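Subject: The structure for you to look through

Dear colleague,

Here is the structure we spoke about, handed over so that you can open it beside this message. Please keep it on screen while you read, since the notes below go through it part by part.

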Amino acid sequence: MFNKLIENSTAKSPWLYHMNTGSCNGCDIEIVAALTPHFDAERFGCKLAGTPRHADIILITGPVTEQSKDRLIRTLEQVPEPYVVMAVGSCPNSCNVFKDSYSVAGPLEKYCHVDVSVSGCACKPEAIMLGVVKATEILKEKRRAMKK
Amino acid sequence: MSFSFPYLKYALGNLTKKTSCDMYPLKKKEVAPGYRGAIAYDPNKCVNCGMCMKVCSPGAITRTEVEKDGGKEITYRFDWTSCTFCGMCHDFCDEKAITMTDHYEMVGNAEDLVTVATYFKKTPAGKLTVSDDCVFCGLCAKNCPESAITVDRANKSWTVDEEKCVKCGKCISKCPKKALAFAKPQVKCGDDCVFCGLCAKNCPEEAITVDRPNKSWSVDPEKCVLCGKCVSKCPKKTLCI
Amino acid sequence: MEILIALVRILIYPGLLFVAVGGLLLAGIDRILVAKMQRRVGPPLVQPFYDFFKLMGKETIIPHHANRTAYLAAPVIAVVSLAVTMLFIPLGGFSAVSGTADLIVVLYLLTIPAVCVIVGGSASGSPYAGVGISREMVAMMSYELPLVMVLLAVAKKVGSLSLQAIVAYQFQNGCMLFHWSMIPAAIALLLVIPGEAGVQPFDLAEAETEICEGTLAEYSGAPLGMFELNHAMKIFVLTALFTALFLGGIDTGIVPLNVVITFVICGVLVWLCCSLPHAICARLRIERLFKFYWTIVAGLAALSLVLAWFGL
């Protein structure tokens with residue numbers, strides 16, 4: 001019973017950690033917009049956490065640049081299980097227009113498993129929220145798999 | 001130390017007001033007019049000119065061509081996770097096969113976030129040609145339904161009457177030496193040409209060169225993809241494939 | 001039998017379980033009210049419960065540089081000390097433990113959670129936590145002085161350091177809030193509560209946007225959940241303390257009804273001193289926080305103390 005309680009709670013309290021790996025700020029603004037009164041992601045229990053240790057969902061924006069590559073890997077190592085990686089915008093998914101640039105080491109799939117992709121350039125806050133809702137389901141499944 | 005609380009009256013007033021939240025996943029939201037969302041692609045309109053691939057800055061559009069008898073199976077793949085939604089492909093598509101929809105809920109696995117469509121494009125047949133392997137057996141002439149082929153075994157000559165040929169391909173299938181084939185068709189310019197240069201301007205591959213002062217018109221068959229844009233753009237209707 | 005009753009008091013009512021559930025509910029009310037004031041819908045009422053249980057199920061990472069024992073013990077000690085504090089505070093005219101000078105015990109017990117945050121933060125060995133604990137220490141120094149002065153003013157007015165005696169005094173002479181000389185002290189305590197609980201304008205030690213959650217930077221999983229619980233319990237304990245000190249004279253004759261009324265008053269106090277500042281204020285700088293508590297708040301408390309000294 002206690003297990004079930006934790007499982008349900010995991011799906012209802014996703015804390016977000018936002019990481020910018022060389023984004024143009026377009027998607028970052030949309031993530032902040034998703035928390036404003038107009039969209040209010042807190043309805044799903046979302047909270048912007050300040051450190052990866054508190055995070056459940058890692059929102060990554062930007063094509064992974066050479067400078068941010070090591071930081072990205074180190075940050076993802078610090079997140080406690082279970083967690084979900086969400087690629088926000090076209091950049092982390094495919095490097096977008098920065099493809100084959102000398103300073104870009106992306107896309108994100110090279111360094112970690114991407115659970116949810118949200119595309120758009122920049123993506124709408126609605127799409128980010130839909131992605132978070134999808135991520136909570138994956139989070140619940142991961143917690144279930146962790147217990148087995 | 002001075003204190004002022006400019007937001008106090010709003011905070012207290014908001015306690016009784018209704019929320020300004022959209023309640024998004026429960027209530028679907030209409031997008032603003034002119035919003036560019038996911039790409040929709042109509043393969044029936046596409047002529048495979050490849051202009052969309054050329055203007056796409058992130059390289060989100062890929063094309064695969066599979067040769068099949070009598071034509072090509074062409075697949076266009078629009079990768080939403082790579083797209084910048086600039087709408088250039090839509091603007092440059094003369095046939096309006098590409099449109100930007102208002103679908104913005106592009107969420108899921110990266111593999112699912114694509115528009116893919118396949119269509120079959122018949123290669124227009126050119127002139128029937130014969131190679132050096134021909135043994136002048138006459139089987140082709142015998143099987144031709146229109147009697148367009150004449151073979152003279154004695155003089156080792158092989159001719160085809162282009163007026164009569166319907167390009168059915170029966171001769172090709174009957175040839176024992178596989179010496180017969182349709183040549184790659186070419187764009188041809190008729191006598192009515194006024195050398196306006198519209199065909200050259202609209203050619204996605206820049207295969208056509210028009211020299212107005214010298215009244216010359218030429219096409220580079222290597223570059224030509226036979227999309228037929230020049231034919232549809234010709235004001236004098238003198239171009240043909 | 002006596003041991004059993006003591007155990008029930010410590011673990012269930014009015015100890016650990018009661019404070020935990022009440023505190024988490026108050027934290028939920030706080031989050032909804034903040035959302036309401038910002039014209040949002042806000043999370044469900046039981047959201048702090050979800051947060052707590054989720055954190056219980058997460059992996060606990062202990063950093064290499066951390067002192068394992070202090071790192072893991074700090075949140076537990078904080079929660080236990082708050083549960084013990086509640087035993088001394090009369091809820092609806094009833095307190096589990098009473099002594100002759102329990103105000104002083106409450107004062108000491110209330111500093112333990114803050115000290116635990118400092119100990120846990122320094123044990124984690126993170127530079128962000130280092131900045132956080134220096135801020136927490138300054139904040140603690142700032143609000144301790146007015147808090148002591150408020151408690152002394154009330155004690156001087158009643159002439160006793162026992163909380164039970166203070167509540168009994170209010171039963172006879174009416175609520176302390178309606179004695180005009182005590183109003184400055186009540187306002188001072190209202191201003192101390194958000195500082196002590198570490199909510200928005202005074203949450204410098206856990207400023208997530210500037211120093212990555214400060215003292216809690218390295219905490220994850222169950223210990224972090226304990227600190228979340230600690231935060232929620234602190235709100236409940238402090239508002240209950242305010243009710244006992246200044247609104248202790250409310251009595252319907254039935255203890256459960258008194259407790260419910262107390263809880264409702266706690267909810268109103270949470271709105272007044274946690275949600276409202278959160279909704280309208282930005283985070284203060286550390287020296288402004290220090291100045292604010294040692295001038296305005298301490299001044300209000302000192303005014304009450306002087307008035308009480310002259311027997312007004």
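How many residues of chain B are in contact with residues of chain C, and how many of chain C are on the other side? The contact involves 11 residues of chain B and 12 residues of chain C. On the side of chain B that touches chain C, seven of the residues are nonpolar, three are polar and one is charged. Please bear in mind throughout that this is a predicted model.

Chains A and B

Between chain A and chain B, 25 residues of chain A are in contact with 24 residues of chain B. Three elements of chain A, namely α4 (90-94), β5 (116-118) and α5 (125-147), each supply at least two residues of the side that touches chain B, and α5(A) gives the most to that side, with seven residues. Sorted by class, the side of chain A that touches chain B holds 11 nonpolar, nine polar and five charged residues.

The two chains also meet through their strands, for β5(A) pairs with strand β5 of chain B (residues 107-108) in the antiparallel sense, over two bridges. If you would like a residue to start from, take A:S117, whose bridge partner in β5(B) is B:G108.

That pairing belongs to an open sheet of six strands with mixed pairing, in the order β2(A)-β1(A)-β3(A)-β4(A)-β5(A)-β5(B). At its edges are β2 (47-48) of chain A and β5 of chain B, each of which pairs on one side only. Within the sheet, strand β1 of chain A (residues 15-20) runs parallel to strand β3 of chain A (residues 57-61), and five bridges join them; here A:H18 stands opposite A:L59 in β3(A). The helix α5(A) packs on this sheet, touching β3, β4 (84-88) and β5 of chain A as well as β5 of chain B, and its direction makes about 175° with that of β5(A).

Chain B

The domain assignment divides chain B into domain 1 (34-122), domain 2 (128-182) and domain 3 (188-240), and the C-alpha centres of domain 1 and domain 2 of chain B lie 41 Å apart.

Chain B has an open sheet of three strands in the order β2-β3-β6, with antiparallel pairing. Its edges are β2 (61-68) and β6 (114-122) of chain B, each with a single partner strand, so one side of each is left without a neighbour in the sheet. On average, and with direction ignored, neighbouring strands of this sheet are turned by 15° against each other. Strand β3 of chain B (residues 71-79) is joined to β6(B) by nine bridges, the two running antiparallel, and B:R77 stands opposite B:V116 in β6(B).

Further along chain B, strand β8 (residues 149-152) runs antiparallel to β9(B), with four bridges joining them, and B:D152 has B:S157 as its bridge partner in β9(B). These two strands, β8(B) and β9(B), form a hairpin with four residues between them, and in the turn B:K156 has a positive phi of about 50°. The side chains of strand β9 of chain B (residues 157-160) alternate, in that B:W158 and B:V160 point to one face and are buried, whereas B:S157 and B:T159 point to the other and are not.

Chain C

Chain C has 12 helices and zero strands. Its radius of gyration is 19 Å, close to the 20 Å that the globule rule gives for 312 residues, so chain C is as compact as a globular protein of that length. Taken along the principal axes, the C-alpha atoms of chain C fill a box of roughly 55 × 50 × 40 Å, and buried residues make up 59% of the 312 residues in the chain. Among contacts in chain C between residues at least 6 apart in sequence, 82% join residues at least 24 apart.

One residue to look up is C:E213, found in the loop between α9 (208-211) and α10 (221-246) of chain C. Is C:E213 buried or exposed? C:E213 is buried, because 27 other C-beta atoms lie within 10 Å, and 20 or more are needed for a residue to count as buried. Leaving aside neighbours within four places in sequence, C:E213 is in contact with A:G50, A:T51 and A:H54 of chain A, and with C:E206 and C:E208 of chain C.

With best wishes

Notes: Residues are numbered from 1 along each chain as its sequence is written. Chains are lettered from A and ligands numbered from 1 in the order in which they are written. This is a predicted model: local features need pLDDT of at least 70, side-chain atom pairs count only at pLDDT 80 or more; totals for chains, interfaces and linings use all residues. Two residues are in contact if their C-beta atoms, placed from the backbone, lie within 7 Å. Ala, Val, Leu, Ile, Met, Phe, Trp, Tyr, Cys and Pro count as nonpolar, Asp, Glu, Lys and Arg as charged, and the others, Gly among them, as polar. Two strands pair if DSSP finds at least two bridges between them. Domain bounds come from an automatic or database domain assignment. The radius of gyration is taken over C-alpha atoms; the globule rule is 2.2 Å times the number of residues to the power 0.38. A residue is buried if 20 or more other C-beta atoms lie within 10 Å of its own, exposed if 12 or fewer, and partly exposed in between; C-beta atoms are placed from the backbone. Axes are lines fitted to C-alpha atoms, for helices over the stretch in contact, and angles run from 0 to 180 degrees between N-to-C directions.
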